Amino acid sequence: MSDPLNHSYYAATAHEWRPRDHIEDDFSCDVAVIGGGFTGLSAALACAERGFSVILVEAEHVGFGASGRNGGQLIPGLRWTASELDTEFGHERADALFDLCWRDNRVKARIAKHGIDCDLKSGHLEAAWTPGDFDAMRREADYLATRFGYETEVVEKAGMDAHVASPRYHGGVYDARAGHFHPLNYAVGLAKAAEAAGVRIFEGRRATSIRAGDPGQLLLGKVAVEARYFIDATDSWIGDLEPDLGRYTVPIMNYNIATAPLANADELLPSDAAVADSRFVLNYFRLSADKRLIFGGGERYSQTPPRDIAAFVRPFMTGVFPQIADAKIDYGWGGAVGVTMNRLPHIGRRGNMFFAHGFSGHGALVTTLAGELIAEAMAGTAERFDLLANLPSRPFPGGNWLQRPLATLGLLFYALKDRLG
Ligand SMILES: Cc1cc2nc3c(=O)[nH]c(=O)nc-3n(C[C@H](O)[C@H](O)[C@H](O)COP(=O)(O)OP(=O)(O)OC[C@H]3O[C@@H](n4cnc5c(N)ncnc54)[C@H](O)[C@@H]3O)c2cc1C
C-alpha cells in the first residue's frame, strides 16, 4: 500500500475501474477539469451532458482524495443551520439556498440515473452529546418544520435505543431524507457515467499549472492542453495550483476505522441510520453493507498521521460503544478535510477558471450539486451558481506562513472545550 493513509475499507471493496484513455500529445477541448473527486467528476459529467468536449485529469486515481475516504454520511444542507442562514442572509436568499442544499438531492438523482451500485441507505441521526446540545437541536428541528416545512423526527433520550445503542447521548434528530453510502464506489460510478457521456479521464496525471487566456493552457508536465474553460476541483490541494485560493482553506486531518463484520451490528445501530454527534471534533459512524462499524473520530491539526490509526480512533469508538471495546479493527485510514474560515464552501469563478472547495467536512452531498452548477454557469445560466458562489468567504489571516498555525490554534481551543464539556 503506497499511501499509508489509505488502508481503507473502501479501497478494499472498490468496484473495478480503469479509464479508457491515455494522454501522450498536446490537444484541445472545451473544458479541462482538474481533480477526480465528487466535485470534478460531477462537473465533468454535467458539462459533457451539455455538449462540451471535456477532459478530466487526476494526479492519482479517481476518488483518491476526500471523496474516496470520507465517512459516507449524506447530510442535507451546509455546515450552518438553516436558522443561521436566515439570520445572516435574510429569508429570500436563505429560501433559495435551502431549496438547493437541503431539498435538491443530486446524489440520489445521479445514483438513480446511472444505476450506481454504492450501498445507498436512508436515514441519518444527529445525536446530542449534552442536554444543551439536544435543546438546540430540538429548536432547530421546530424551525425547519415551521419555517421551511421540512419535517424531521425529534428523538427523546428514552427513544434513542431505536437508533443507537450507546449510553452517551441525550437525544437526537432523525432525518429520513439523509442517508449514507460507499463513497469510493459512488466516485467510480460517476467516473463510468462521465466516460459514457464522452469525458476523457486521465489518471496519474498531475496538473502543474493553469495559464489564463482564451483559450488558456493546462500543463501536465510536458503535455499542454488548450481549453476554453478550466475547473479546479482539487480541494485540499488547490493552493498548489492557485496559491491565492489556497489561503481560503486549511487541511484538517481526520481518521476512520472499520471493524471486522460484527455479529451484533444490528443491535448497535438498529435503524441502520448513519450517526454524527454534536461534539466539535465529532464522532460519526454507520454500518457498511457487510455489517462493519465504520467509525470516524479524532482530528489532528498536524499533517503527520498517527503511527497507528486504529489505536488512535479506537478510544473514540469505545467512548460511544463500550460494548465493542475489544472489536477487531480491519482497516484504518485518513484524509484531509478542506476547511474554510466560516465553514461555508468557497465557490466561484476567476475569468475562465471555475472552482469549488472548502466544503468543511460537509461535502458528500453538496459537491455533486456544486459540479452541476458549474456546468450550468458555463452554459450561460448562472443564477443558481451565483447563489452558492456568493457565499461570503475570507482567507485565513496571517499570509501563507502564519495561516495554518493561527487556524490550528483556534481549532485546538474548540477541541479543548469538547474535552471539558
Ligand atoms: C476523513 C474524511 C471524512 C469525511 N466525512 C464526510 C462525511 O461523512 N460527510 C460529508 O458530507 N463530507 C465528509 N467529508 C468531506 C468530503 O469528503 C469532501 O468535502 C469531498 O469529498 C470533497 O470532494 P472534492 O471532489 O472537492 O475533493 P477531493 O475528493 O479531495 O478531490 C480532489 C482530487 O484532486 C486531485 N488533485 C489534487 N491536485 C491535483 C493536480 N495538481 N492535478 C490533478 N489532480 C489533482 C486529488 O488527487 C483528488 O483526487 C470527509 C472528508 C474526510 C477527509
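Which backbone atom lies 2.8 Å from an oxygen atom of the ligand? A polar backbone atom of Ala364 does. Keep that one in mind for the exercises below.

A quick word on the ground rules. This is a predicted model, where local features need pLDDT of at least 70 and side-chain atom pairs count only at pLDDT 80 or more, while totals for chains, interfaces and linings use all residues. Residues are numbered from 1 along each chain as its sequence is written, and side-chain values use heavy atoms, with hydrogens and water left out.

**Exercise 1. Describe what surrounds the ligand.**

Step 1: start with the polar contacts (pairs of N or O atoms within 3.5 Å; within protein, one must be able to donate a hydrogen and the other to accept it, and residues adjacent in sequence count only if both atoms are side-chain atoms). Asn70 brings a polar side-chain atom to 3.1 Å from a ligand oxygen. Gly363 uses a backbone N or O atom, 3.0 Å from an oxygen atom of the ligand, and for Ala364 the distance is 2.8 Å, again from the backbone.

Step 2: check the cover. On its own the ligand has 1000 Å² of accessible area, and the protein covers 97% of it. These areas come from the Shrake-Rupley method with a 1.4 Å probe; for residues, only the protein chains shown count as cover.

Step 3: find the elements. Helices (H or I, at least four residues) and strands (E, at least two) are DSSP runs, numbered from the N terminus. Helix H2 (38–49) and strands E3 (54–58), E12 (249–259) and E16 (329–340) each give two or more residues to the shell. E16 has the largest share, with three residues.

Step 4: count the shell. A residue is near the ligand if one of its heavy atoms lies within 4 Å of it. The ligand is surrounded by 37 residues, with Thr39, Glu58, Ser67, Gln73 and Ala364 the closest. They split into 14 nonpolar, 18 polar and five charged. Here Ala, Val, Leu, Ile, Met, Phe, Trp, Tyr, Cys and Pro count as nonpolar, Asp, Glu, Lys and Arg as charged, and the others, Gly among them, as polar.

**Exercise 2. Track down some salt bridges and place them in the chain.**

Step 1: set the rule. A salt bridge is a side-chain nitrogen of Lys or Arg within 4 Å of a carboxyl oxygen of Asp or Glu. The count comes to 20 salt bridges. Side chains of opposite charge can pair when their charged atoms come close.

Step 2: look at Arg147 and Asp95, whose side chains meet at 3.0 Å, N to O. Arg147 sits in helix H6 (residues 131–148) and Asp95 in helix H4 (residues 91–103), so this pair links distant parts of the chain, 52 residues apart.

Step 3: move to Asp266 and Lys291, which form a salt bridge at 2.8 Å, N to O. Asp266 is in helix H10 (residues 265–268) and Lys291 in the loop between strands E14 (284–287) and E15 (293–300), so the pair ties together parts 25 residues apart in sequence. For exposure, buried means under 20% relative accessible area, exposed over 50%, and partly exposed in between (1.4 Å probe, protein chains only). Asp266 is partly exposed at 44%, and Lys291 is partly exposed at 31%.

Step 4: try Asp290 and Arg292, with their closest N and O atoms 3.0 Å apart. Asp290 is partly exposed at 31%, whereas Arg292 is buried at 10%.

Step 5: finish with a network of salt bridges that links Glu49, Asp104, Arg106, Arg110, Lys113 and Glu372.

**Exercise 3. Work out the neighbours of strand E2.**

Step 1: check the cover. Strand E2 (residues 27–34) has six of its eight residues buried.

Step 2: list the partners. Two strands pair if DSSP finds at least two bridges between them. E2 runs parallel to strand E11 (residues 223–232), with seven bridges, and parallel to E3, with four. Ala32 stands opposite Phe230 in E11, while Val31 stands opposite Val54 in E3.

Step 3: zoom in on Asp30, which lies in E2 and is buried at 18%. A polar atom of the Asp30 side chain lies 2.8 Å from the backbone nitrogen of Ser53.

**Exercise 4. Spot the unusual backbone geometry.**

Step 1: recall the background. Most residues other than glycine have a negative phi, and most peptide bonds are trans.

Step 2: find the cis bond. Asp214 and Pro215 are joined by a cis peptide bond, with omega about 0 degrees. Pro215 lies in the loop between strands E9 (209–211) and E10 (216–220).

Step 3: find positive phi values. Arg343 has phi near 70 degrees and is buried at 18%. Ser360 has phi of about 55 degrees and is buried at 1%.
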